[in-house]
Amino acid sequence: MNEIIFWFLVSLFATLIVTRICAHKLHDRNGYRKENGDFIESSKTLTAYLRKRTRKDLHHIHIGFGILLVAVPWIIHSGIGRMNIFFLGIGLSLVIDQLLPFFKFGNYFSKKMLRASIILHLLIAILGIIILRY
């Protein structure tokens, strides 16, 4: 298997696994709410920290878009390399994982949304393999 494809797949699926484990173990699903402009929650996630600091309703989809905003132009500028493709996989995974719940197609923590996220990751993986082979 091509090394670039390998690193793309590793970053894509490792990010999915780490994100889901952290979200399920560290997120405050019951207390998450906004009061007087402040987020009231006891989550221990990076996005919870960012919400408290910025007073904006940030989620990992936003971090993913931020990574893609840097990674895609960098790939266009410098070409496809191991590190570039690694960050592309991370950014894509963060966006894909929260895409359907972000648009209110279901609860992020439901089994339905987990299955949908896995299916979307598999589709992106297949598309990535096809594109990166040539």
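This is a short tutorial dialogue on reading some features of a predicted model.

Q: Let's start with the overall layout. How many helices and strands does the chain have?
A: Begin with the element count, then read the order. Here there are five helices and two strands. Going along the sequence, the pattern is α-β-β-α-α-α-α.

Q: And what share of the chain is buried?
A: The chain has 134 residues, and buried ones make up 37% of them. For the outside, look at the accessible surface: about 8,500 Å², with 69% of that belonging to carbon and sulfur atoms. Contacts are worth a look too. Among those with a separation of 6 or more, 57% are between residues 24 or more positions apart.

Q: Which residues touch the most other members of the largest nonpolar core?
A: The general idea is that in soluble globular proteins, nonpolar side chains tend to be buried together. In this model the largest nonpolar core has 13 residues, and Phe8, Leu9, Ile85, Leu88 and Leu132 touch the most other members. H1, helix H3 (60-78), H4 and H5 each give two or more residues to this core. H1 gives the most, with five residues.

Q: Take Leu132 from that group. What is Leu132 in contact with, leaving aside neighbours within four places in sequence?
A: Leu132 is in contact with Asn2, Ile4, Ile5, Phe8, Ile80 and Ile85. Two of these names, Phe8 and Ile85, also appear in the list of core residues that touch the most other members.

Q: How do I read a helix such as H3? What span does H3 reach from its first C-alpha to its last?
A: Compare the span with the one expected at 1.5 Å a residue. H3 has 19 residues and reaches 26 Å, close to the expected 27 Å. Then check which positions face inward: His60, Ile61, Gly64, Leu68, Ala71 and Ile75 are buried in H3. Just after the helix, Gly79 takes a positive phi of about 95 degrees.

Q: Which residue has a positive phi although it is not a glycine?
A: As background, most residues other than glycine have a negative phi. Here Lys104 goes the other way, with a positive phi of about 65 degrees. Lys104 lies in the loop between H4 and helix H5 (111-132). Is Lys104 buried or exposed? Lys104 counts as exposed because its relative accessibility is 72%, and the cut-off for exposed is over 50%.

Q: Now the aromatics. How many aromatic pairs are there?
A: For each pair, read the distance between ring centres and the angle between planes. The count is five aromatic pairs. One of them joins Phe6 and Trp7, edge-to-face, with 5.1 Å centre to centre and 75 degrees between the planes. Over 60 degrees is what puts a pair in the edge-to-face class. Trp7 also pairs edge-to-face with Phe86, at 6.0 Å centre to centre and 70 degrees between the planes.

Q: Where do Trp7 and Phe86 sit in the chain?
A: This pair links distant parts of the chain: Trp7 is in helix H1 (residues 3-26) and Phe86 in helix H4 (residues 82-102). They are 79 residues apart in sequence, yet their C-alpha atoms are 5.7 Å apart in space. Not counting residues up to four places away in sequence, Phe86 touches Trp7 and Ser11. Stepping back, Phe6, Trp7, Phe86 and Phe87 form one aromatic cluster.

Q: Why do Phe6, Trp7 and Phe86 count as partly exposed?
A: Partly exposed is the class between under 20% and over 50% relative accessible area. Phe6 falls there because its relative accessibility is 39%. Trp7 does so because its value is 26%, and Phe86 likewise comes to 26%.

Q: What ring does the charged end of Arg20 sit over?
A: For a charge over a ring, check the distance to the ring centre. The charged end of Arg20 sits over the ring of Tyr108, 3.9 Å from its centre. Arg20 turns up again around Ser117, which touches Leu16, Arg20, Ile96 and Asp97, not counting residues up to four places away in sequence.

Q: And Ser117 itself: buried or exposed?
A: Ser117 is in helix H5. Ser117 counts as buried because its relative accessibility is 1%, and buried means under 20%.

Terms used. Residues numbered from 1 in each chain as written. Predicted model: local features only at pLDDT ≥ 70, side-chain atom pairs only at ≥ 80, totals over all residues. Heavy atoms only, no water. Phe/Tyr/Trp six-rings, centres within 6.5 Å; stacked < 30°, edge-to-face > 60°. Buried < 20%, exposed > 50% of the residue type's maximum accessible area, 1.4 Å probe, protein only. Helix = DSSP H or I, 4+ residues; strand = E, 2+ residues; numbered from the N terminus. Lys NZ or Arg CZ within 6 Å of the ring centre and 35° of its normal. Contact = heavy atoms within 4.5 Å. Areas by Shrake-Rupley, 256 points an atom, 1.4 Å probe, with all protein chains shown as cover. Core = buried A, V, L, I, M, F, W, Y, C linked by side-chain atoms within 4.5 Å. Expected span 1.5 Å × (residues − 1).
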